[in-house]
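These entries record what I looked up in the structure, beginning with its pockets and ending with a single residue.

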Amino acid sequence: MTADVIRSRDLLKVDPVFGQMSFDDHEQIVFCNDKDTGLKAIIGIHNTVLGPALGGTRMWNYTNEWEALNDVLRLSRGMTFKSAITGLNLGGGKAVIIGDAKTQKTPELMKRFGEFVHALSGRYITAEDVGMTTDDMDTVREVTPYVTGISESKGGAGNPSPITAYGVFMGMKAAAKFKYGSDVLEDKSVYVQGIGHVGEALVEHLMNEGAKVTIADLNQERLEEVRSKYDVTIYGGQDIYNEPMDIYAPCALGATINDDTIYKLRASIIAGAANNQLENEVKHGQILQDKGILYAPDFLINAGGIINVYAELENYDRQEIMRKTENIYNTTLEIFDRAKATNITTNDAALSIAKERIETRKREQGK
């Protein structure tokens, strides 16, 4: 067996971490490997100025390790700004496990991952994300206290998905208020792309309000299951981005707003649960503004999940969780007003508020 050796002068061109486009002065990147369990994971800690880095663990069958690294860098950065703009005393972190959650996830793998988390001594606190369940977090809790989103029966806040969906719903209503003058979503056409736990919970809120909901997902069985519960339409076309609609709600993986889709998009509002919806936040944020499409920044309106798990650290109750999540409505309107007043994109307006809070804390700490 032979392996190609990278020459030293070529190694300079690789820039595996610091040279990544998604690297944004991250504080720490941890690569985790365990032969016995098959664990291959990456933990990204972006910023801990406001507090320990909290963010979920995603298990996904990435095409390659570069894709996984890019994802954890983008996701951990987003968590920094999500906590900052929501007023939580948390930093931003995220973890990805490379593999198929349906076939490769085992209790032993999750415990080994938990041991890697524990070795960071609280700088990173994990939680549930794509490919993970509350039961998985309970398993991780067996080896480390640095985990949130555990079962309510074990003293935790439980599954964060319903709260995430409620926050997205609040952000969507705020966007409708700003765009149409009313936050009533009755008869608005909403396309929900991705019908996981969050997507389904969002559909329920929309149907209760009388919206006209169309759903899309790669899993046909899942689509049928959701349609059997709600009077929704399953998308049967070839190009969802080219469909006329009031609101596009991406609730699966990120970067669906990209060079291939953005010029086709015929929605008036983008408001969904997915992280990192803009493949290039500067370029695509500006194009959306130029097209007159109102973008509700994802890291703001999908913050309900982190509000929910933060309750485990601060010991506040369900009523306070809902109050903080409902406030996403007000913050979203504040973002829109700032963007309009300063003629910047809504994404830039949200980032500016988040960064201001972080910089204020740094000054207070004398850093």
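Entry 1, the largest pocket. I worked from a predicted model. I looked up the volume of the largest pocket and found about 1700 Å³. Its lining comprises 50 residues, and Trp 60, Val 130, Gly 131, Gly 196 and Cys 251 are the closest to the centre. I then noted which elements give two or more residues to this lining: β4 (57–60), α2 (65–86), α5 (161–180), α6 (197–209) and α10 (304–314). Sorted by class, the lining of the largest pocket holds 22 nonpolar, 18 polar and ten charged residues.

Entry 2, the second largest pocket. For this pocket I recorded a volume of about 750 Å³. It is lined by 32 residues, of which Ser 22, Arg 74, Asn 276, Leu 278 and Glu 279 are the closest to its centre. At least two lining residues come from each of β4, α2, α9 (298–301) and α13 (346–364). I noted that α2 gives the most, with ten residues. By class I found 13 nonpolar, nine polar and ten charged residues in this lining.

Entry 3, Thr 126. I located Thr 126 in the loop between β6 (124–125) and α4 (134–141). Is Thr 126 buried or exposed? I entered Thr 126 as buried because its relative accessible area is 0%, and the cut-off for buried is under 20%. The side chain of Thr 126 makes a polar contact of 3.0 Å with the side chain of Tyr 124. Beyond its neighbours within four places in sequence, I listed the contacts of Thr 126 as Gly 55, Gly 56, Thr 57, Phe 113, Val 140, Tyr 146, Val 147 and Thr 148.

Technical notes:
Residues are numbered from 1 along each chain as its sequence is written. This is a predicted model: local features need pLDDT of at least 70, side-chain atom pairs count only at pLDDT 80 or more; totals for chains, interfaces and linings use all residues. Side-chain values use heavy atoms; hydrogens and water are left out. Helices (H or I, at least four residues) and strands (E, at least two) are DSSP runs, numbered from the N terminus. Buried means under 20% relative accessible area, exposed over 50%, partly exposed in between (1.4 Å probe, protein chains only). A polar contact is a pair of N or O atoms within 3.5 Å; within protein, one must be able to donate a hydrogen and the other to accept it, and residues adjacent in sequence count only if both atoms are side-chain atoms. Contact means heavy atoms within 4.5 Å. On a 1 Å grid over the protein atoms alone, a cavity is a set of points where a 1.4 Å probe fits but cannot get out, and a pocket is an open set with protein on both sides within 12 Å along at least five of seven lines; lining residues have an atom within 4 Å of a point. Grid points are joined across faces, edges and corners, and a volume is the space filled by probe spheres set on the points. Ala, Val, Leu, Ile, Met, Phe, Trp, Tyr, Cys and Pro count as nonpolar, Asp, Glu, Lys and Arg as charged, and the others, Gly among them, as polar.
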